[in-house]
Amino acid sequence: MIILTVCLCVLIHNPAFANDTPLSEASAECIDCHASIHPGIVNGWQKSRHAMITPQKAMQVEGVARKVSSPTVPESLQKVVVGCAECHTLRPKAHADTFEHNGYEVHVVVSPDDCQTCHATERKQYAKNIMAHAHGN
């Protein structure tokens, strides 16, 4: 009985299960493997806002609580939570670190230009920060 209770508590408190949010097939594949290889990264993502709400729902939020500043988000990204694949497979030709991984063109570093897909205003603000140009020094 104790084991069953613990399992139920884990499932209830795990955002990926508790919110019944739609996860893309590609991100599900990432998580299936990387949960055992990089459990901390997967756990951190599961607790994040990206794991709990789809861009479509996030765009319906009004006022300062709205976190998606782009006026539109590509249709392919709207109805699933923002998982691994949604960011790490965006614009593969724009990334020098892109490589083939289990049938996907993946890049390790997610750039501000990738983030601007959903966060255009924040991208513009970040570009004005000296830290945005640190890689050139």
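How much area does the protein chain expose, and what share of that area do carbon and sulfur atoms supply? The protein chain exposes about 9,400 Å², of which carbon and sulfur atoms supply 63%. The model is a predicted one, and its confidence is uneven along the chain: the average pLDDT is 86, with 83% of the residues scoring at least 70, whereas residues 1–18 stay under 50 throughout. For that segment, residues 1–18, the model has 9 contacts beyond four places in sequence.

## Overall architecture

The protein chain has 10 helices and 2 strands, and read from the N terminus its elements follow the order α-α-α-α-α-α-α-α-β-β-α-α. Of the 137 residues in the chain, 26% are buried. When contacts between residues at least 6 apart in sequence are considered, 49% of them join residues at least 24 apart.

## Asp114 and its partners

Asp114 lies in helix H9, and Arg91 in the loop between H8 and E1, 23 residues apart. The side chains of these two residues, Asp114 and Arg91, meet in a salt bridge with an N to O distance of 2.7 Å, a pair that links distant parts of the chain. The two ends of this salt bridge differ in their surroundings, since Asp114 counts as buried at 2% relative accessibility, while Arg91 counts as partly exposed at 33%. Arg91 also has a phi near 45°, a positive value in a residue other than glycine.

A second side chain that reaches Asp114 is that of His95, which makes a polar contact with the side chain of Asp114 at 2.8 Å. His95 is found in the loop between helix H8 (84–88) and strand E1 (99–101), and it is buried because its relative accessible area is 11%, where the cut-off for buried is under 20%. Leaving aside neighbours within four places in sequence, His95 is in contact with Leu90, His107, Val109, Ser111 and Asp114. The C-alpha atoms of His95 and Val106, which stand 11 residues apart along the chain, are separated by 9.1 Å.

The backbone of Asp114 takes part as well: the backbone oxygen of Asp114 lies 2.8 Å from a polar atom of the side chain of Thr117. Thr117 is placed in the loop between H9 and helix H10 (120–127) and is buried, with a relative accessible area of 17%. Not counting residues up to four places away in sequence, Thr117 touches Ser70, Thr72, Val73, Pro74, Leu77 and Leu90. Leu90 is thus one of the residues in contact with His95 and also one of those touched by Thr117.

## Salt bridges

The structure holds 3 salt bridges, set out below with their N to O distances.

| Salt bridge | N to O distance |
|---|---|
| Asp114 and Arg91 | 2.7 Å |
| Arg123 and Asp113 | 2.9 Å |
| Lys79 and Glu75 | 3.8 Å |

The side chains of Arg123 and Asp113 meet at 2.9 Å, N to O. Arg123 lies in helix H10 and Asp113 in helix H9, so the pair ties together parts that are 10 residues apart in sequence. Asp113 counts as partly exposed at 30% relative accessibility. In the salt bridge between Lys79 and Glu75, the closest N and O atoms are 3.8 Å apart; Lys79 is partly exposed, with a relative accessible area of 48%, and Glu75 is exposed, with a relative accessible area of 54%.

## Surface features around the strands

Which residues form a nonpolar patch on the surface? Phe99, Val108 and Val109 form this patch, and together they have about 270 Å² of accessible area. Val109 is placed in the loop between strand E2 (104–106) and helix H9 (112–115), and it is exposed because its relative accessible area of 52% passes the cut-off of over 50%. Val109 is also among the residues in contact with the buried His95.

Asn102 lies in the loop between E1 and E2. Its phi is near 55°, a positive value in a residue other than glycine, and at 58% relative accessibility Asn102 counts as exposed.

Note on methods
Residues numbered from 1 in each chain as written. Predicted model: local features only at pLDDT ≥ 70, side-chain atom pairs only at ≥ 80, totals over all residues. Heavy atoms only, no water. Patch = residues over 30% accessible without salt bridge, like charges linked within 9 Å, V, L, I, M, F, W, Y side chains within 5 Å. Areas by Shrake-Rupley, 256 points an atom, 1.4 Å probe, with all protein chains shown as cover. Salt bridge = Lys/Arg side-chain N within 4 Å of Asp/Glu carboxyl O. Helix = DSSP H or I, 4+ residues; strand = E, 2+ residues; numbered from the N terminus. Buried < 20%, exposed > 50% of the residue type's maximum accessible area, 1.4 Å probe, protein only. Contact = heavy atoms within 4.5 Å. Polar contact = N/O pair within 3.5 Å; in protein donor to acceptor, adjacent residues only side chain to side chain. pLDDT = per-residue confidence, 0-100.
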